[in-house]
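I sat down with this model to check a handful of spots by eye. My notes follow in the order I looked things up.

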Amino acid sequence: MEPIINKCKGYLRTIEEQIYGDDYPADRILCKKIGYNQRNTVLEDTSNPGWEPFENGSRFGGRDTHVCFRTVFHVSEECEGREIHFLLRTGVTDMWNSDNPQFLIYVNGEIKCGMDMNHYDLCLTKSAVPGENFDIGIYAYSNSINISDYFKIIFRSKNPDVVKLYYDYKIPLDACLELRPDDTRRIAMLKVLDEAVNRTYLVKVPGEEFFDSVRKVDEWLCDELYGKLCSTENSFATVHSIGHTHIDVAWKWPVRQTREKALRSFSTVLRNMEEYPGYRFMSSQPQLYKFVKEDAPEVYDRIKKRVNEGRWETEGAMWLEADCNLTSGESLVRQILKGKEFFNSEFGTGDKNKVLWLPDVFGYSAALPQILKKSGVDYFMTTKIGWNEFNKMPHDVMNWRGIDGSEVLTYFITTTEYKTYPELTVNPRHETTYNGRHSVSQIMGTWQRFSDKELTDEVLTCYGHGDGGGGPTAEMLETDMRTAKGLPGVPVTKQTFSKEFFELLSKKLEGKKVPRWSGELYLEYHRGTYTSMAKNKKFNRRMEFLNTQAEALSVLACVQDENFAYPATALNEIWETTLLNQFHDILPGSSIKEVYEVTEKEYLELIERDSRLIDAATDRITGEAGSNLAVYNTLSFARDALVETPNGPLYVENIPAMGYLVIDGGLCPPAEPSFTFDDQERVLQTPFYQVSFDKEGNIDSLFDKQAGRETVKPGEAFNKLIAFEDRPWEYDCWNIDTFYEDKPMDTILTGFKAEENTHERFTILVTRTFENSEITQRISFYKNSRRIDFKTHIDWKEQQILLKAAFPVDVVTDKCTCDIQFGNVERPTHRNTSWDEARFEICSHKWVDVAENGYGVAILNDCKYGSDVKESTIRLTLLKSGIFPNPDADKGEHEFVYSIYPHIGDFRESGVEDEAFKLNVPVILKSAWLEAGSSRSFVSVSEPGVYLDALKEAEDKRGIILRVHEAFGSRRTVRIDVSGLDIKKADLCDLMERELGSEILKFSEGVITVTIKPYEILTFRLR
């Protein structure tokens, strides 16, 4: 390195050492250990019991620990006129350590800011007045393993003139360190910086002559460097920047701690806004705002003032940053509906929300573009796709096209460190960050990493420490003030709100050929999140269907009885908790154990609440009690079902769509079996199949009698349960690495017997072990259904073992079809390209299908999302059992069902989707006073492949909202019969329930007739 650089760096170090002046003593420090929801203890009289002396500079801490500290600073004569700061040091330097201690600071009883390792300096007064006292209260949080957090309070004077010179000098020097030695811009800046050293009096530091020279040198530097060398007009690029603090609603801490993180971080933002008038900040996630509103109304009021001033942006569209792989389509709609509703009612901004802000989510469904467009959201931003393991996305700006053809302008933030010699970088990483440090290097790196420079010279970065880290720091804001002036060789920065940037970008792209990306945005990373914490995922799946059932049946009860009150408040509360638990580190299974202990309790309570709502509604529809049985079908098509009556399993035909059929409560099923089983040969004859089992209890032949063909690949077997060592390099509960397949292990058969042989069903009980775990499966075949169910109970005790169920299907295909939100996608089953190889684990919802022309096999499930499909073999991923951040992930008991569904024709012709809905939404059986044979359909859809998603009261209580989607990828005219709802008028509306009129539909005698496009979602307001 050139001598001049060392000279400048040494000078900067000298200046930095003079930022602070003298230290002043604090009064004695008192502390008191407390629990959650006791924050106001920090303000109580310290003569109360429990307060003890604390030695400054000693240690505190422990897992999930709260401690209150109090001290007083008395301003002495020595401090007069000086700028006095309160500093809190913890000794922590690892900025990515999520266990860093964090603090909420009170001064004279008022919340001033949060503090952490990145924010540790609070100005108490710009000009101290002798005799003034500052009562300091500190509400401290620690999540350390032991009592190991260092805690030291310092009161110190600060020299503002030195601070200004420090940053005025540091920022251009940082630019010089990034530019190449032969860059003339670097040479010009170094010449000025060198001269600044020579002009500074350094003989006696500190000293009056030194401080006097600091002021003069800074004036000269601002004139010579910022005045003459800087230019915003001639800048080659603009990095639009927005302050941000990404807060995981749960991760290595429970949700109850997130409430505090939000309060601390938002308080820090508000404090920095006082110091930096140009500071603009954005935060998404209405859930966080609600926490602050409930816990600290005074802080919330200050936030509202900043929003009204135009300095704080409430953008982001969703209730929180939800997972977009596992969450159902209707839940994603509700995420946006509830998010916009909150921002609108609290800040008047919800209707204007145009950006889906999801920096840290683990992949993005191809259904999202349509959901966004029909919710009034025009723009989408993420950074996470930059974490791809193998392939760099070819563009950072593009129109993202979904399965229905809808497009949304999409932008990937490219914040990363600058590379002075990128051509010398071996195996360059393309990872980007949403926790930008807003350093000169990252500002330069954001532009350097951006792939679409021919489209725009204006890019976006968000900066600030997340997860309770308080967002932007003073250094970031000081840097921004100087880079905004157009430093040579550095893109000019401009503080810009996210929506403002997207609107600017949209105009910039007019008339240009913008790249297009069709289909899902698959993250080549975190593939294990489709499976981790399987029990939690089952709860979510169940809640999604129960919530919509409770809504629909409540609507029907209102129709049946005008005195029935729609339970809007209860349903809203249930949905809100459901949406909270869809956060992208809760639902994917990547949080600590306590998070799931809490969610399980919440889910059980929600299930009970939904069940009570369903009972209340059905009691109103068919009566509270009676000798007959009402079979309720909440699907939009008529169905048959095997119902478990007190007299045994009974097959019930033609249960009306969204309605009920009353059957005789005394009916008994026929006694004669419909199945024959050779116990010695292990061969089963069913009305549909001839089935044989091998010595390991696997299905080695499944001959389809109707199709006249075998479904199992020669030499293979269905339902082989295979365990794999699963030890990813990092992010254990998140990741599955490619090498997991290197060590497959078989489960051990311990029992095999015929358990049930009735007229309607034949069941084989199979038991297995793997190491210390036990697996029990009841494999059921049916007289009236081609579906074969595997009702599974697992008592799992392993760690870092991945369990899969394999189905090698005897069809020729190079693609599979996978159920996703509001439709399905085709994915290749070969490994031709690096993109294909990277997609070795995929996410789907209710089913995965492999087929050749005319025949195929679908694997259905009631709560599984991960699988791999290679050639024509489907392997459903059942359990993952990682150890970080939860060492007991997936340990315990699991119950779930998956099914084989061989079919003639493709998935459309054969009713795969219908069968998957039947598996996930069983009929509801209730006693009824109505006579047997009574039936009613409230809503039905004429066309197969068009499904009802929601039937609910409108948010504004003006009518009923009905939503359907097309799932076959075909355009057709559909008739939706709502005559059972006694409807007089129907209007089309968007997903936010804003009316679009009735021009494109016909409504006559209770029937809506409308053309629906491939994979289209249609929403109607009925009155």
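**Entry 1: aspartate 218**

I started with aspartate 218 and asked whether it counts as buried or exposed. The model is a predicted one, and in it aspartate 218 has 6% relative accessibility, so it counts as buried, the cut-off being under 20%. I found the residue in helix α4. Then I listed what aspartate 218 touches, skipping residues up to four places away in sequence: Lys164, Leu165 and Asp168.

**Entry 2: the helix around it**

I stayed on α4, which covers residues 208–227. Does its length agree with what 1.5 Å a residue gives, and how far apart are its ends? The 20 residues should span 28 Å, and I got 27 Å between the end C-alpha atoms, which agrees. Next I noted the buried residues of α4: Phe210, Ser213, Val214, Val217, Asp218, Trp220, Leu221, Leu225 and Tyr226. I also looked up what these buried residues pack against, and the partners are α1 (3–17), α2, α3 (184–199) and α11.

**Entry 3: α2 against α11**

Two of those partners were next on my list. I took α2 (residues 160–178) and α11 (residues 474–483) and found that their axes come within 10 Å and cross at roughly 65°. The crossing of α2 past α11 is right-handed. On the α2 side, the contact is made by Lys164, Tyr167, Asp168, Lys170 and Ile171. On the α11 side I wrote down Glu475, Glu478, Thr479, Arg482 and Thr483. Sorted by class, the contact has 6 charged residues, with 2 polar and 2 nonpolar. Lys164 and Asp168 are names I had already met, as residues touched by aspartate 218.

**Entry 4: the cis proline before α4**

I went back along the chain to the loop between α3 and α4, where proline 206 is found. The peptide bond from valine 205 to proline 206 is cis, with omega near -5°. I noted another cis bond, from phenylalanine 884 to proline 885, with omega near 5°. Proline 885 lies in the loop between β45 (873–879) and β46 (892–904).

**Entry 5: cysteines**

How many disulfides does a search of the whole structure find? I got 0. A disulfide is a covalent bond between the sulfur atoms of two cysteines. Cysteine 79 is in no disulfide, and its nearest cysteine sulfur, on cysteine 123, is 13 Å away. Cysteine 79 is buried, with a relative accessible area of 0%. I then checked cysteine 176, which is in no disulfide either; the nearest cysteine sulfur belongs to cysteine 8 and is 7.5 Å away. The search needs sulfur atoms within 2.5 Å, so that pair does not count. Cysteine 176 is buried too, at 0% relative accessible area.

**Entry 6: threonine 446 and α10**

Threonine 446 has its place in helix α10 (residues 440–449). Its relative accessible area is 0%, so I put it down as buried. Leaving aside neighbours within four places in sequence, I found threonine 446 in contact with Val239, Thr414, Thr415, Thr416, Val459, Leu460 and Thr461. For a distance check I paired threonine 446 with glutamine 335: they are 111 residues apart in sequence and 30 Å apart in space, C-alpha to C-alpha.

**Entry 7: lysine 152**

I ran the same sort of check on lysine 152, in strand β12 (residues 152–158). Lysine 152 and glycine 57 are 95 residues apart in sequence, yet 4.3 Å apart in space, C-alpha to C-alpha. With residues up to four places away left out, lysine 152 touches Asn56, Gly57, Leu87, Leu88 and Arg89. At 32% relative accessibility, I have lysine 152 down as partly exposed.

**Entry 8: positive phi**

Histidine 438 has phi near 55°, a positive value in a residue other than glycine. I located it in the loop between β19 (407–412) and α10. Histidine 438 is buried, at 2% relative accessible area. Asparagine 37 also has a positive phi, about 65°, although it is not a glycine. Asparagine 37 sits in the loop between β2 (29–34) and β3 (52–54), and is exposed, with 78% relative accessible area.

**Entry 9: α13**

My last stop was α13 (residues 534–560), where 27 residues should span 39 Å and the end C-alpha atoms are 39 Å apart, which agrees. I noted that α13 is mostly covered, with 21 of its 27 residues buried.

Note on methods. Residues numbered from 1 in each chain as written. Predicted model: local features only at pLDDT ≥ 70, side-chain atom pairs only at ≥ 80, totals over all residues. Heavy atoms only, no water. Axes fitted to C-alpha atoms, helices over the stretch in contact; angles between N-to-C directions. Helix = DSSP H or I, 4+ residues; strand = E, 2+ residues; numbered from the N terminus. Left-handed = near helix turned anticlockwise from the far one by under 90°. Contact = heavy atoms within 4.5 Å. Nonpolar A, V, L, I, M, F, W, Y, C, P; charged D, E, K, R; others polar. Buried < 20%, exposed > 50% of the residue type's maximum accessible area, 1.4 Å probe, protein only. Expected span 1.5 Å × (residues − 1).
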